[in-house]
Amino acid sequence: MNVPEITEAEIDARYRILDRDAEEGGYHLNPDVAFTRNLVRGLLVNERRYGYMACPCRIATGNKAEDLDIICPCDYRDPDLNEYGACYCALYVSGDVLAQKAPVRSIPERRPSRAERKKARQEQATGGMVQTAYPVWRCRVCGYLCAMDNPPLVCPICKAKQERFERFL
Ligand code: SF4
């Protein structure tokens, strides 16, 4: 599939949005601006190709339901930030890495295999639910929980979209 050229202005605009959202949510983009802009370019290419910002460091299928866990910010960002000081692509870094108190280390892929993900989805679909007055929704990206009829349109903590919430209870 031919993907139209991403302009520098588009990268600038998205970089600013991601940077603002990250800082508002207590996250940080990698301070290596050239490196980070390159990842932003990859995100924009994937957004154009698939209609969503699939992770630029992983191979997306183009099937949104299957790729949901790797739409940036992915489900694995926070565990990787906690354990390694950066997400798998190193687009996001921890405060310690930002302050140069810790190096960025190599980060192993923690995304389960396709078969494991499929099994987990099936188990979740067939698992029993505890009865509560309101359904409880969990943001798969940052773990934010809320009890309401429907999940919020945007996670107030990490800005992930509504589609990234899962029924928790
Ligand atoms: S947060 Fe996840 S999806 Fe986004 S760039 Fe980092 S590893 Fe890729």
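How many bridges join strand β3 to β4, and do they run parallel or antiparallel? The views below of this predicted model take up that pairing, then the sheet, the domains and the ligand.

**View 1. Strand β3 against β4 in the predicted model.** Three bridges join β3, residues 136-139, to β4. The two strands run antiparallel. R138 faces L145 across this pair, with L145 sitting in β4. In general, sheet strands pair through backbone hydrogen bonds, in parallel or antiparallel fashion.

**View 2. The open sheet of three strands.** Strand order is β4-β3-β5. Pairing is antiparallel. The edges are β4 (145-147) and β5 (165-167). Each edge strand pairs on one side only. On average, neighbouring strands of this sheet are turned by 30° against each other, direction ignored.

**View 3. Domain 1 and domain 2 of the protein chain.** The assignment places domain 1 at 8-98. Domain 2 covers 126-167. Their C-alpha centres are 22 Å apart. Seven residues of domain 1 and nine residues of domain 2 take part in the contact. On the domain 1 side, the touching residues are two nonpolar, one polar and four charged.

**View 4. The shell around the ligand.** The ligand has 13 residues around it. Which of them come nearest? They are C55, C72, C74, C87 and Y88. By class, the shell holds twelve nonpolar residues and one charged residue. No polar residue belongs to this shell.

Note on methods:
Residues numbered from 1 in each chain as written. Predicted model: local features only at pLDDT ≥ 70, side-chain atom pairs only at ≥ 80, totals over all residues. Near = placed C-beta within 6 Å. Nonpolar A, V, L, I, M, F, W, Y, C, P; charged D, E, K, R; others polar. Domains from an automatic or database assignment. Contact = placed C-beta atoms within 7 Å. Pairing = 2+ DSSP bridges. Helix = DSSP H or I, 4+ residues; strand = E, 2+ residues; numbered from the N terminus. Axes fitted to C-alpha atoms, helices over the stretch in contact; angles between N-to-C directions.
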